[in-house]
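Welcome, and please load the model in your viewer. We will go from one selection to the next, with a short look at what each one shows.

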Amino acid sequence: MQAEMSRLRVVAPQAPRTTEPSDATGGDTPSPGTYVREQRQRAGLSIEQLAAATKIPASSLRMLEGDDFGALPGPVFVKGFLRCCTRALGLPSEVVMELLYERERAALHARRQQQRSVLPPTETEAASAAAPSAPVAPRVKPRPAADGGVVRRALFGLPRANTLLWLMIAAFVAVLVMAAFNLAGAGPIGPHT
C-alpha cells in the first residue's frame, strides 16, 4: 500500500519567539527603547498595562520607549526603568543593558570625534605629528608669571583644601589631648594646708 505523496504536506512547527534584538531598518542594532517597545507589543501589552505592572508612570515609559533619556530623571533611573521593564516582560535584562551600553559607547565615540575635529592640535600633538620619533615632554605644573602680583603668588603656594582640613583636625586633636593631660595632672582641688 502506497500513500499518495502529492497530498501529504510537512508541517514544520512554528519558530519560537526570539528575544534577540531585531531592527526593521536593516543591520543596525535597535535602541533600548525600541527593543522594549517591540517586546511589549509582542507580549500584547499596552503602555498603561506595563505601567501598572512596573509602577513606572506611563509618561516615563513613553519617554523610555522613544529613547528620550534626557527627559528622564537621570542615567540611574533609565537603567532601573529598563531593568524593571524587562523583568515585567520576562526578558533577560542583559540584552537591553548591552543595547544601552552600545548606545552610550557610540555617543561617546561621536563626541570624541567631534572634539578632535573642532579643537586645534595641542603643542605635543603638533610636535609628535612633525617628528613622530621625538619623545613627548611630561606636563609641568605652570608657575604664575612674575608680574602676577603678591596675592596671586601667595595663593599659588598654598596647599590644597584637603591638606588644610587635615591639618586643622590634627591641631584640634592635639589641643584636646593637651587639655586632657592638663586636667589629669592637676590633682584634686581643695584647701591647701
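## First stop: a nonpolar patch

Select Leu165, Trp166, Ile169, Phe172, Val173, Leu176, Val177 and Phe181: together they form a nonpolar patch on the surface, with about 850 Å² of accessible area. Keep in mind that you are looking at a predicted model. Now centre on one member of the patch, Ile169, which sits in helix α8, residues 161-185. Ile169 is partly exposed, at a relative accessible area of 37%. While the patch is on screen, one thing about helices is handy: an α-helix has 3.6 residues a turn, so residues three or four places apart point the same way.

## Zoom out to the whole chain

Switch to a cartoon view of the protein chain. You will find eight helices and zero strands, so to speak a plain pattern of α-α-α-α-α-α-α-α when read along the sequence. Colour by accessibility next: of the 193 residues, 19% count as buried. Draw the surface as well, and the accessible area of the protein chain comes to about 15500 Å², with 62% of that belonging to carbon and sulfur atoms. If you like contact maps, look at pairs with a separation of 6 or more: residues 24 or more positions apart account for 50% of those contacts in the protein chain.

## Helix α5 and its packing

Select residues 93-118, which make up helix α5. This helix has 26 residues and reaches 37 Å from its first C-alpha to its last, close to the 38 Å expected at 1.5 Å a residue. Show side chains for Val95, Val96, Met97, Leu99 and Leu100, which are buried in α5. Which helices do the buried residues of α5 pack against? Add α1 and α4 (75-89) to the view, as these are the packing partners.

Stay on α5 for a salt bridge. The side chains of Glu98 and Arg105 meet there, at 2.6 Å from N to O. Salt bridges that share partners join Glu98, Glu102 and Arg105 into one network, and it is worth showing the three side chains together. Glu98 is partly exposed, with a relative accessible area of 41%, and Arg105 is partly exposed too, at 43%.

## Two more salt bridges

The count for the structure comes to four salt bridges. Go to Glu65 and Arg40, whose closest N and O atoms are 2.7 Å apart in a salt bridge. This pair links distant parts of the chain, 25 residues apart: Glu65 is in helix α3 (residues 58-65) and Arg40 in helix α1 (residues 32-43). Are these two charged residues buried or exposed? Glu65 counts as buried at 5% relative accessibility, and Arg40 is buried at 7%.

Now move to Glu48 and Arg62, another salt bridge, with the closest N and O atoms 2.8 Å apart. Glu48 lies in helix α2 (residues 47-54) and Arg62 in helix α3, so the pair ties together parts that are 14 residues apart in sequence. Here Glu48 is partly exposed, with a relative accessible area of 45%, and Arg62 is partly exposed at 44%.

## Ser60 in helix α3

While you are at helix α3, select Ser60, which has its place there. Ser60 is buried, with a relative accessible area of 11%. What is Ser60 in contact with, once its neighbours within four places in sequence are left aside? Show Leu72 and Phe81, and you have the contacts of Ser60.

## Last stop: Cys84 and Cys85

Finish by selecting Cys84 and Cys85 and displaying their sulfur atoms. How many disulfides does the structure hold? The number is zero. The sulfur of Cys84 has its closest cysteine sulfur in Cys85, 6.1 Å away, which is too far for a bond; a disulfide would need the two sulfur atoms within 2.5 Å. Check the accessibility colouring for both residues as you go: Cys84 is buried, with a relative accessible area of 17%, and Cys85 counts as buried at 0%.

How values were computed: Residues numbered from 1 in each chain as written. Predicted model: local features only at pLDDT ≥ 70, side-chain atom pairs only at ≥ 80, totals over all residues. Heavy atoms only, no water. Helix = DSSP H or I, 4+ residues; strand = E, 2+ residues; numbered from the N terminus. Buried < 20%, exposed > 50% of the residue type's maximum accessible area, 1.4 Å probe, protein only. Contact = heavy atoms within 4.5 Å. Areas by Shrake-Rupley, 256 points an atom, 1.4 Å probe, with all protein chains shown as cover. Patch = residues over 30% accessible without salt bridge, like charges linked within 9 Å, V, L, I, M, F, W, Y side chains within 5 Å. Expected span 1.5 Å × (residues − 1).
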